[in-house]
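Good morning, and thank you for the opportunity to speak. Please have the sequence and the structure open while I go through a few selected places.

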Amino acid sequence: MLPEGPRALLRAATHQAFASVDRGLERGAVGEAFLGTLGMSGWQLGNSSAVLAEEAGLPGVPAARVENACASAGAALRAGLRAVESGARDVVLVAGVEKMNDMPSARRRYWLGVSGDTEWERLAGLTFAGVYALMADRYLTEHGVGPEALAEVAVKAHRNAANNPNAHFQKPITRERALSAPRVADPLGLLDCCPVSDGAAAVVLASEETARRYTDTPVVVTGDGAASDRLALQERESLTSLSATVRAGREAFQRAGRQPADIAFAELHDCFTIAELLALEDLGFAGAGEAAAMTLSGATAIGGRLPVNPDGGLKAKGHPIGATGASQAYEIFLQLRAAAGARQVAGAERALAHNVGGSGASATVTIFERGP
Ligand code: COA
């Protein structure tokens with residue numbers, strides 16, 4: 001069987017998004033569409049947004065591609081939110097797609113490489129695993145913690161993904177297996193890395209008044225934030241904190257009028273296990289150096305104080321670059337409507353999504369709440 005291309009992935013994801021609208025949504029109601037994609041493999045690099053409009057059955061609707069590397073769909077979601085919030089559009093479609101597998105690994109490395117700093121890091125041969133390994137090494141040294149916390153992020157992700165029929169990996173792993181996996185970039189092993197995934201995801205946004213026409217159980221975005229940072233690691237102030245995440249998080253909490261303790265669960269950008277620990281601290285869920293102990297205590301497991309990535313996260317659900325931000329929003333939509341099946345976070349009313357571009361040059365944070 002031929003592998004499914006980006007068109008088929010987009011068709012399936014947008015069909016699922018429209019099918020999730022309780023009272024049905026006529027395509028004519030959609031006023032605009034935004035697509036997150038890095039355009040990997042070079043498929044339809046120009047005008048890929050027109051492909052979204054075509055495959056979603058929205059011919060003639062204005063559509064635009066938004067590109068922020070791994071945070072492309074997070075940024076597309078933000079563009080969609082602004083279109084609705086401003087009153088310019090009543091209903092908006094936001095989707096993301098990436099097809100990463102049907103190309104030789106050298107070409108894939110090129111596509112991933114162009115999302116990092118191309119003047120220094122790429123010339124030195126640094127991969128994303130290498131970049132995050134530098135952060136991980138610094139974190140473990142600075143805070144005097146062992147690699148077990150990194151392994152536990154992976155164990156928890158694989159356990160959650162085992163209950164997600166859409167996940168890339170659906171088999172649990174043990175901590176011992178994670179710790180003894182082949183090294184990719186020390187201290188990160190194979191099981192500390194997100195895989196190379198194909199996928200698409202989509203969500204429909206509407207003004208609150210319009211949403212009420214289509215459902216009695218809407219999910220409301222109460223706040224969002226975004227920020228950028230210097231591209232190259234050597235230009236940044238810290239290796240153990242992503243300042244784009246810190247700033248995006250503060251903006252989102254402030255706009256929502258909420259604080260970390262109000263969040264029932266989070267979808268965090270765990271492209272490498274260390275990234276989840278940094279995000280827990282950068283978003284105020286844990287103090288500096290405390291995310292390791294928090295993770296080892298089980299607090300981030302389903303049933304813990306702050307479940308993280310109930311869908312399996314980038315680590316085990318998979319990370320089709322440009323689709324990830326939309327898939328996080330879709331998981332939160334399911335969870336807040338108590339429709340997440342075996343991986344349901346009981347009674348969840350409020351959640352946070354965190355999407356990072358590359359090694360942290362951009363980030364978006366969005367807060368969602370169960371509708372009143
Ligand atoms: N986690 C768990 N298992 C993985 C895996 C991952 N991330 N990647 C591959 N595997 C498994 C495969 O399923 C396969 O298992 P099998 O032998 O039982 O079938 C085995 O490991 C070998 O797979 P292969 O595809 O040959 O691995 P690889 O060595 O080519 O790639 C990585 C492994 C870690 C290098 C690759 O997944 C990678 O580059 N990940 C990071 C992607 C990235 O940088 N994204 C952007 C983030 S900012």
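**A hairpin, a buried arginine and a ligand site**

Let me begin with the hairpin formed by strands β9 and β10: four residues separate the two strands, and glycine 358 adopts a positive phi near 60° there. Please keep in mind that this is a predicted model.

The two strands of this hairpin, β9 (residues 350–357) and β10, run antiparallel and are joined by eight bridges. Leucine 352, for example, has isoleucine 367 of β10 as its bridge partner. Strand β10 also pairs with β7 (residues 219–228), again in the antiparallel sense, over nine bridges. Here alanine 227 is matched with alanine 363 of β10. How much of β10 is covered? Eight of the nine residues in this strand, which spans 362–370, are buried.

I turn next to the loop between α13 (324–336) and β9, where arginine 343 is found. Is arginine 343 buried or exposed? Its relative accessibility is 6%, and therefore it counts as buried, the cut-off being under 20%. Among the residues that arginine 343 touches are Asn160, Pro310, Asp311 and Glu331.

Finally, I come to the ligand. It is surrounded by 15 residues, and the closest are Leu191, Cys193, Cys194, Pro195 and Lys315. By class, this shell comprises 13 nonpolar residues, one polar and one charged. A polar backbone atom of cysteine 194 lies 2.8 Å from a nitrogen atom of the ligand. For lysine 315, a polar side-chain atom is 3.0 Å from a ligand nitrogen. Of the 920 Å² of accessible area that the ligand has on its own, the protein covers 54%.

Definitions and conventions: Residues numbered from 1 in each chain as written. Predicted model: local features only at pLDDT ≥ 70, side-chain atom pairs only at ≥ 80, totals over all residues. Heavy atoms only, no water. Buried < 20%, exposed > 50% of the residue type's maximum accessible area, 1.4 Å probe, protein only. Pairing = 2+ DSSP bridges. Contact = heavy atoms within 4.5 Å. Near = heavy atom within 4 Å. Polar contact = N/O pair within 3.5 Å; in protein donor to acceptor, adjacent residues only side chain to side chain. Areas by Shrake-Rupley, 256 points an atom, 1.4 Å probe, with all protein chains shown as cover. Nonpolar A, V, L, I, M, F, W, Y, C, P; charged D, E, K, R; others polar. Lists of a residue's contacts leave out its neighbours within four places in sequence.
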